[in-house]
Amino acid sequence: MGLFRPYEQKTPTSQPARQTASQPAPEPVAVGAPATAAPKNRPTPTRQQAQAARMEALHPKLTKRQATAQDRAATEKKRVAQMQATDNQPERVLLRNYVDSRLSVTQFILPIMLIVFAGSMGLANYPVMTFALTIFLYATVVACIVNCWLFWQGFKRELAQRQPHATTKGLMWIMIPRMMMIPRMRQPGPVVKRGESY
């Protein structure tokens, strides 16, 4: 009797019961077997060591020279940001556009002074020519003073129309040096050309 024998499943008659000699038996494949990992040559770091490594990556230790260079770069970046914020004030933008869109005598004062000084040195033996150049220089300075005063009065009127609550404190000492410079040498550079509206 086969009461205590294990259950054996009968193979169908259409299939061979065993492999032939020409076909080797397939090797068993382990399902879900992990890939071969690289050998670990160091021990697992502790939590304290891992935290120290993270802090080192976030806040690296710098040498004295590196720290000085980093502080200098941060200070320069802050200074440039403050300067840009100051230059972008509406009344300063209006002042620059007012000066840049108009032709002034004052912007020729520096070239005229250089020409007069060079002429005075070259014509030192001609007192009459030297005196004439001196008078011309003084007349140019007076014309520049009058020109700056007219520009200032015109700018105050325009500022009162466009920005009634803006202050003119310190703007005159920004306007005069800008008027004395050639347009291409002004900083910040002109946004509007001469004769353009703004």
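**Entry 1: the fold**

I began by reading off the order of elements from the N terminus, and the chain runs α-α-α-α-α-α. That makes six helices and zero strands. Worth noting at the top of the page: I am working on a predicted model.

Next I looked up burial for the whole chain. Of its 198 residues, 18% count as buried. The accessible surface comes to about 16800 Å², and carbon and sulfur atoms account for 62% of that.

I also checked how contacts spread along the sequence. Taking contacts between residues at least 6 apart, I find that 72% of them join residues at least 24 apart.

**Entry 2: the nonpolar core**

Which residues make up the largest nonpolar core? I get twelve: Leu94, Leu95, Tyr98, Val99, Cys148, Phe151, Trp152, Phe155, Leu159, Leu171, Met175 and Met179. Helices α3, α5 and α6 are the elements that each give two or more residues to this core. The most comes from α5, which supplies five.

I then picked out Leu159, one of the core residues, and listed its neighbours, leaving out anything up to four places away in sequence. Leucine 159 touches Glu91, Leu94, Pro164, Ala166, Thr167, Thr168 and Leu171. Two names on that list, Leu94 and Leu171, I had already written down as core members.

**Entry 3: salt bridges**

A reminder to myself before the pairs: side chains of opposite charge can pair when their charged atoms come close. The count for this model is five salt bridges, and I went through three of them.

The pair I opened with is aspartate 100 with arginine 178, whose side chains meet at 2.9 Å, N to O. Aspartate 100 sits in helix α3 (residues 90–100) and arginine 178 in helix α6 (residues 172–180), so I am looking at a link between distant parts of the chain, 78 residues apart.

Are these two buried or exposed? Aspartate 100 has 7% relative accessibility and arginine 178 has 6%, so both count as buried, the cut-off being under 20%.

Aspartate 100 has another partner. Arginine 186 forms a salt bridge with it, with the closest N and O atoms 2.7 Å apart. Because arginine 186 lies in the segment after α6 while aspartate 100 is in helix α3, this pair ties together parts that are 86 residues apart in sequence. Arginine 186 is buried too, at 3% relative accessibility.

The third pair is arginine 102 with glutamate 158, at 3.8 Å from N to O. Arginine 102 is in the loop between α3 and α4 (109–122) and glutamate 158 is in helix α5, so the bridge ties together parts 56 residues apart in sequence. Here the burial is mixed: arginine 102 counts as partly exposed at 29% relative accessibility, whereas glutamate 158 counts as buried at 11%.

Which residues do shared salt-bridge partners join into one network? I noted Asp100, Arg178 and Arg186.

**Entry 4: spot checks on α5 and α6**

Threonine 140 was my next stop. This residue is found in helix α5 (residues 127–162). Threonine 140 has a relative accessible area of 7%, which means it is buried. Not counting residues up to four places away in sequence, threonine 140 touches Ile109 and Ile112.

Glycine 154 is also in helix α5. Its relative accessible area is 10%, so I marked glycine 154 as buried. I looked up its C-alpha distance to tyrosine 98, which is 56 residues away along the chain, and got 9.0 Å. Tyrosine 98 is on my list for the nonpolar core.

For α6 I checked isoleucine 176, which is placed in that helix. With a relative accessible area of 22%, isoleucine 176 is partly exposed. Why not buried? Buried needs a value under 20%, so 22% falls outside it. The C-alpha atoms of isoleucine 176 and cysteine 148 are separated by 6.7 Å, though the two residues are 28 apart along the chain. Cysteine 148 is another member of the nonpolar core.

Technical notes. Residues are numbered from 1 along each chain as its sequence is written. This is a predicted model: local features need pLDDT of at least 70, side-chain atom pairs count only at pLDDT 80 or more; totals for chains, interfaces and linings use all residues. Side-chain values use heavy atoms; hydrogens and water are left out. Helices (H or I, at least four residues) and strands (E, at least two) are DSSP runs, numbered from the N terminus. Buried means under 20% relative accessible area, exposed over 50%, partly exposed in between (1.4 Å probe, protein chains only). Contact means heavy atoms within 4.5 Å. Accessible areas come from the Shrake-Rupley method with a 1.4 Å probe; for residues, only the protein chains shown count as cover. A salt bridge is a side-chain nitrogen of Lys or Arg within 4 Å of a carboxyl oxygen of Asp or Glu. A nonpolar core is a set of buried Ala, Val, Leu, Ile, Met, Phe, Trp, Tyr and Cys residues joined through side-chain atoms within 4.5 Å.
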